[in-house]
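Work through the exercises below on aromatic contacts. Try each task before reading its solution.

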Amino acid sequence: MTTLSYPSKPVPGDRIAVVSPGAGLPGLFPRPFELGLERLRKEYGLEPVEYPTTRTMGSTPQERAADIHAAFADPDVKAVMASIGGDDQITVLPFLDRELIRANPKPFFGMSDNTNLLAYLYNTGIVGYHGATVMTALGRPVAMDPLTADSLRAALFTSGPYELTAAERWNDVNRDWADPATFDAEPATRPGGGWSWVNADRAVEGRAWGGCLEILGWLLMADREIARDLSEYDGGVLLLETSEEMPSAVEVFRTLRNMGERGLLQRFSALLMGRPKSWSFERPNSPAEADRYAAEQREAVLQAMRVYAPTTTIVFDVDYGHTDPQLVIPYGGLVRVDGPARRITVTY
């Protein structure tokens, strides 16, 4: 079994690296990026440090790997945060120096395409943090969502248990980052409805692993950063959530089915299924269409779990991933899922 450890936490006044391991979108959309940097300084007391590819679209995998190495190797940098996701971070993994990163462990924050780096850190023995990229969580118009802000603060600066809270209101409808008017008002939200529980007759605790479902599918296809001995995941808590690409229910089922056929799905004691993003610029669903998409995804998950992991505890609509608010989950860290009490507690 991989021995995972929590890296030391920063304190206000420290430097935090800001990198773009997936895509240099800060160069195309500077407004949410600059807003996120400002909040790191003013609300968290951290000094962001950028690297050559942070705002550069089209940088090579080798160049992005060099930025990651520089961020981890710098003794004056105490944490690392991704600017945003992307779609080709898997090509960066072969150029990473595992021993350099293992010798310089730091908290890393990211999600979406950064599932690649989180899984890499897991196999390197370092607990990472799923959530809170600069442009999405910190660059939210007008103000960060209070649940996101509090969760990030606890993950950045504290160690120990932190109870997650279901959002009373949430949002997944984006506005155009290129339009200055986007940042004049907070996003419109809708009622949350709480979490939905399946097989909630027990309390389980294990190390979190998983991430964005589409990225996990790519890792499985490329056979990268998946443990050779699947007992590595026994008793763990599986994290799954889907992106703005909005995979169909059929695709979600097939990915989970393949995980089950590989013998992976049934290893976990609990599944936290993130609230699905059900709107995109390409598919601007009405509220009714969005609800139907979410219901179809839930049934696809249940269909696969009934076959491969029928007794696993499942919690649907947990507020992490591609919707807002964006709770931070310690990737490789302990997560306790208490069904009878309907509580989820993470250890930062």
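Buried means under 20% relative accessible area. The model is predicted.

**Exercise 1.** Decide whether Y348 is buried or exposed.

Solution. Take the relative accessibility of Y348, which is 1%. The cut-off for buried is under 20%. Y348 therefore counts as buried.

**Exercise 2.** State how many aromatic pairs a search of the whole structure finds, then classify the pair of F109 and Y129.

Solution. The search finds ten aromatic pairs. In one of them, the ring centres of F109 and Y129 lie 4.9 Å apart, with 15° between the planes. Planes under 30 degrees apart count as stacked. The F109 and Y129 pair is stacked. Next, place the partners: F109 is in strand β4 (residues 108-110) and Y129 is in strand β5 (residues 128-130). They are 20 residues apart, so the pair links distant parts of the chain. Finally, check accessibility. F109 has 0% and therefore counts as buried. Y129, also at 0%, counts as buried.

**Exercise 3.** Work out which parts the pair of Y129 and Y348 ties together.

Solution. Start with the geometry: 6.3 Å centre to centre and 55° between the planes, a tilted pair. Then locate the residues. Y129 lies in strand β5, and Y348 in the segment after β16 (343-347). The pair therefore ties together parts that are 219 residues apart in sequence.

**Exercise 4.** Find which residues ring pairs link into a cluster, and which rings R98 and R298 lie over.

Solution. The cluster consists of Y122, W209, Y233, F268 and Y331. The charged end of R98 sits over the ring of Y120, 4.0 Å from its centre. R298 lies over the face of F316, 5.1 Å from the ring centre.

Definitions and conventions: Residues are numbered from 1 along each chain as its sequence is written. This is a predicted model: local features need pLDDT of at least 70, side-chain atom pairs count only at pLDDT 80 or more; totals for chains, interfaces and linings use all residues. Side-chain values use heavy atoms; hydrogens and water are left out. Rings of Phe, Tyr and Trp (its six-membered ring) pair if their centres lie within 6.5 Å; planes under 30 degrees apart count as stacked, over 60 as edge-to-face and the rest as tilted. Helices (H or I, at least four residues) and strands (E, at least two) are DSSP runs, numbered from the N terminus. Buried means under 20% relative accessible area, exposed over 50%, partly exposed in between (1.4 Å probe, protein chains only). A charge sits over a ring if NZ of Lys or CZ of Arg is within 6 Å of the ring centre and within 35 degrees of the ring normal.
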